[in-house]
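Below are some comments on the model, set out as numbered points, with the fold of one chain taken before its contact with the other.

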Amino acid sequence: MNGLERILAARAFQPVDRLPLLPQVFGHAAVARGVDLARYLNDGAELARCQAAAREAYDSDGVFALLDVNVETEALGSRLRYPTGNYPVVETYVLEHPDGVGALRLPDPRRAGRMPVALEAARLLRAHLGDRALVAGCVVGPMTLACQLLGAEKTLFAAMDEPAAFERLLEFATDVALAFGTAQVEAGAHLCVVFDPSASPAVVPAAFFREFLVPRQRRLGLGLKAAGALAHWLHIAGPVEPILPLYPGCGVDIANLDYCVDPVRARALVPELCFEGNVRPLAFVDSGPEAILQACRPLLDLGPGFILSSGCEIPLEARPECIRALAQARDQGSRP
Amino acid sequence: MYEPAQVASSGGPPTDVALDAALVACLMEGDSQGALAEARRLKGTQASGERRVLQALERAMDGMSEKCTTEQFNLLEIMLAGRAATAVAHDLFPQDDVPGTKGTVVIATPEGDVHDLGKNLTRMVLAAKGFHVVDCGKDCPLPVMIRAVAQERAFALLVSGLISPMVVMVRQLRPLLREQGLAHVRVLAGGAALKQCTAEVLNVDYVASDAFDGARDLEAFLRERP
């Protein structure tokens, strides 16, 4: 089997020749090759080279044509700052007030901000890998994009104080994610990971997720699949157990599990969902390969429908030997 | 329509106790307008009204803290309660000179991290619980924090970090405090990235799982301090 076949088999709970492995290596791919992060985030060809190299170095079943979580808000007019050696941060949000969303127009992913960089990376990686490995694109989910357009505090208060304006903001954010994700799939991504950390139960209650976010996630997931995405992959960090039973209603096929979630309990809650996770991300910085091997052991026996990975992004400053230990653990677990 | 979790109220006649309970309930529901109205009623009932409003603020935060231990913690509901508590405190002390009866703490998000939601929430919780909180803001250089600790004679320094590079920053705090003769200052860390680490790895006294956990640690520290 090749990498893509393994990931798709896991999604369908079909047998695999070995446990699928997909470490969440994003900007670390640049750091590991000594490439300036700002260049990686602004040059699709450079990103594609670094991701292809990372796939080989870590024996991963896929790559991520993924820049950072501020691509969409920047394309819509937020001003970013690029700290040396780190991801950009929003300096000025494009919206002062949720009502301002009425004046925003959907961005053209072929032209707006760094969206073309992501499309170029997806195109090049797909051309390089074909269907031998998964090429994953990325969009930020509706709740997170709303927070990135208006600021998290204002967005959360708007949800309570001005629900109608908040819902218009969420609808717009969903439209943006759909447009950008569709363009990535058309460029070559097999699917788009939907990152929505602000939808975590650590931030908003499960009832909030059910009312405001399930319908938008469903629309986004169905829309991306209609555009050709092979699966709806939802990535929400933190303690997601209270909302996991709502994932099937969102049309989710693959769900990320952060390090704080017990995969066995998650499986019991939603047996039909494929999970990926969930080694503690900072363990790749503050521990050694032995600790990673140990952390992987309980994950090797979860059976079909599981992809070995980190619980969230592997930090930029991760130790490469710790990431390589994931493949070592997988190989040990795959022994008859 | 989504509504924040409701808190049961006594529904009895407006006795002093009922007034206190009504204020606590409004605060926990995140109802700023209701909390303001109840606080003004309570303050107007007797000379000790102001003190009782402050007590109600603390009781509301204790109530929210109990909720957190039942795995129901989420930022939104705590933020709403914190906003209501801030509104009441500001109404009571328009100059924002709320008496910090439990002493002074400094709080900040270290340089390189601009995520300040958790820090702001912790500031609101600690203020409502009777601490005087000096907020050094986000993206804050370490020397600025240390200077604030010295100038304000703070007994604790709290740092919040959402991204992994903050680990390296936080490790430097204790040596920097020691250099300034501030080794006695308690150092707490929290936030999504930092709470993945042990206190030993971060070289701090305590890693708080949330704002209330941090408040409990500070209160325990004050109780046990000679």
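**Notes on chain B and its contact with chain A**

1. In this predicted model, helix H6 (residues 142-152) of chain B lies across S1, S2 and strand S3 (156-160) of chain B, and its direction makes an angle of about 165° with S1(B). Helix H10 (residues 211-224) of chain B lies across S1, S3, strand S4 (186-190) and S5 of chain B, and here the angle, taken to S4(B), is again given as about 165°.

2. The strands that these helices lie across belong to an open sheet of 5 strands in chain B, which has the order S2-S1-S3-S4-S5 and parallel pairing. Strand S2 (132-135) and strand S5 (206-207) of chain B form the edges, each of them pairing on one side only. Chain B as a whole holds 10 helices and 5 strands.

3. The pairing can be followed strand by strand, beginning with strand S1 (residues 104-108) of chain B, which runs parallel to S2(B) and is joined to it by 4 bridges; B:Ile107 has B:Asp135 in S2(B) as its bridge partner. S1(B) is also joined to S3(B) by 4 bridges, again in parallel, and B:Val106 stands opposite B:Leu157 in S3(B). Between S3(B) and S4(B), which run parallel, there are 5 bridges, and the partner of B:Val159 in S4(B) is B:Ala189.

4. How many of the residues of S3(B) are buried? The count is 5 of 5, so that the strand is described as mostly covered, with burial meaning 20 or more other C-beta atoms within 10 Å of a residue's own. In a regular strand the side chains alternate between the two faces of the sheet. For S3(B) both faces are covered, with B:Ala156, B:Leu158 and B:Ser160 buried on one side and B:Leu157 and B:Val159 buried on the other.

5. Over the whole of chain B, 48% of the 226 residues count as buried. Among the contacts in chain B with a separation of 6 or more, 71% are between residues 24 or more positions apart.

6. The contact between the chains takes 23 residues from chain A and 19 residues from chain B. On the side of chain B that touches chain A, helix H4 (75-92) and helix H5 (117-128) of chain B each supply at least two residues, and the largest share, 5 residues, comes from H4(B). The residues on this side of chain B comprise 13 nonpolar, 5 polar and 1 charged.

Key:
Residues are numbered from 1 along each chain as its sequence is written. Chains are lettered from A and ligands numbered from 1 in the order in which they are written. This is a predicted model: local features need pLDDT of at least 70, side-chain atom pairs count only at pLDDT 80 or more; totals for chains, interfaces and linings use all residues. Two residues are in contact if their C-beta atoms, placed from the backbone, lie within 7 Å. Ala, Val, Leu, Ile, Met, Phe, Trp, Tyr, Cys and Pro count as nonpolar, Asp, Glu, Lys and Arg as charged, and the others, Gly among them, as polar. A residue is buried if 20 or more other C-beta atoms lie within 10 Å of its own, exposed if 12 or fewer, and partly exposed in between; C-beta atoms are placed from the backbone. Two strands pair if DSSP finds at least two bridges between them. Axes are lines fitted to C-alpha atoms, for helices over the stretch in contact, and angles run from 0 to 180 degrees between N-to-C directions.
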